[in-house]
Amino acid sequence: MTNTDRIVLMVALSLALSARAYAGDTQRVSEPRTVSEPRTVGELSTSTVLAFGLMPPTAFGPSLAATLRWLDVSMSVEARVLWALGSDPSNTPIMGPEGSVCVGLLSLCRHRDAVFLCNFLQSGVANAALAGNLKPTDDSNLPWILTSGVRGGAEWGLWRTVELRSFLELHVALARPHLKVGSAQRWQASDVAAVAGIGVAFRVTPE
């Protein structure tokens with residue numbers, strides 16, 4: 001085979017391969033593409049929380065949340081009931097162990113790998129149990145509480161639809177529960193508070 005024949009053969013082969021590749025690309029373009037679209041995932045979670053500063057004594061109780069998650073963003077609505085672990089730490093035990101706080105919390109979170117960071121707004125009422133025959137003088141036995149803050153935490157997969165989560169919250173009080181007996185204010189929630197919690201989350205959206 002002469003050099004001219006080799007050159008003609010190489011050109012023919014390259015043209016044939018190019019035409020075949022072009023035909024394959026055209027076929028792939030013409031075929032409909034199936035793209036898995038991101039969908040919203042629903043979750044239910046339950047936690048046990050320990051709160052410092054929302055009431056004069058430390059508070060403890062359960063929390064239940066419903067969450068909608070899309071990609072790396074989620075929004076949650078949460079309900080909590082916290083009970084005082086003891087009496088008012090001041091010298092005059094005004095608030096007894098029956099004191100409680102019932103709050104609702106709305107949060108918007110950003111997730112990245114196994115960690116998350118949230119902003120939240122919390123609102124509710126505190127029920128102050130008075131010692132002895134003391135009576136409030138300003139109708140503040142059900143005072144409102146309003147806080148805002150940030151939450152950071154981590155999550156670990158236990159099973160395909162179950163996760164273990166732990167978190168820490170820092171609250172800034174916008175409206176603080178307080179209680180007056182006579183002309184003196186006997187207790188008031190702190191300007192800042194911290195809440196620590198641990199719990200599990202269950203995915204409820206079907207595959």
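1. A disulfide here is a pair of cysteine sulfur atoms within 2.5 Å. By that rule this predicted model holds one disulfide. The partners are C109 and C118, with their sulfur atoms 2.0 Å apart, so the pair falls inside the 2.5 Å cut-off.

2. A bit more on that link: the angle about the S-S bond is 105°, and the C109 and C118 connection comes out right-handed. Both ends are tucked away, as C109 is buried and C118 is buried too.

3. C102 is another cysteine to look at. Its relative accessibility is 39%, so C102 counts as partly exposed. Buried would need a value under 20%, and exposed one over 50%.

4. On to the rings. Aromatic pairs number zero in the structure. What you do get is a charge over a ring: the charged end of R151 sits over F167, 5.3 Å from the centre of that ring.

5. Now for confidence, which is mixed. The chain has an average pLDDT of 76, and 62% of its residues score at least 70. Strand β10 (residues 192-203) has the highest confidence in the chain, at 95, while helix α1 (residues 3-30) has the lowest, with a mean of 47.

6. One stretch to flag when you look at the N-terminal part: residues 25-31 have a pLDDT below 50. Leaving aside near neighbours in sequence, that stretch makes zero contacts in the model.

Terms used
Residues are numbered from 1 along each chain as its sequence is written. This is a predicted model: local features need pLDDT of at least 70, side-chain atom pairs count only at pLDDT 80 or more; totals for chains, interfaces and linings use all residues. Side-chain values use heavy atoms; hydrogens and water are left out. Rings of Phe, Tyr and Trp (its six-membered ring) pair if their centres lie within 6.5 Å; planes under 30 degrees apart count as stacked, over 60 as edge-to-face and the rest as tilted. A charge sits over a ring if NZ of Lys or CZ of Arg is within 6 Å of the ring centre and within 35 degrees of the ring normal. Buried means under 20% relative accessible area, exposed over 50%, partly exposed in between (1.4 Å probe, protein chains only). pLDDT is the predictor's confidence in each residue, from 0 to 100. Helices (H or I, at least four residues) and strands (E, at least two) are DSSP runs, numbered from the N terminus. Contact means heavy atoms within 4.5 Å.
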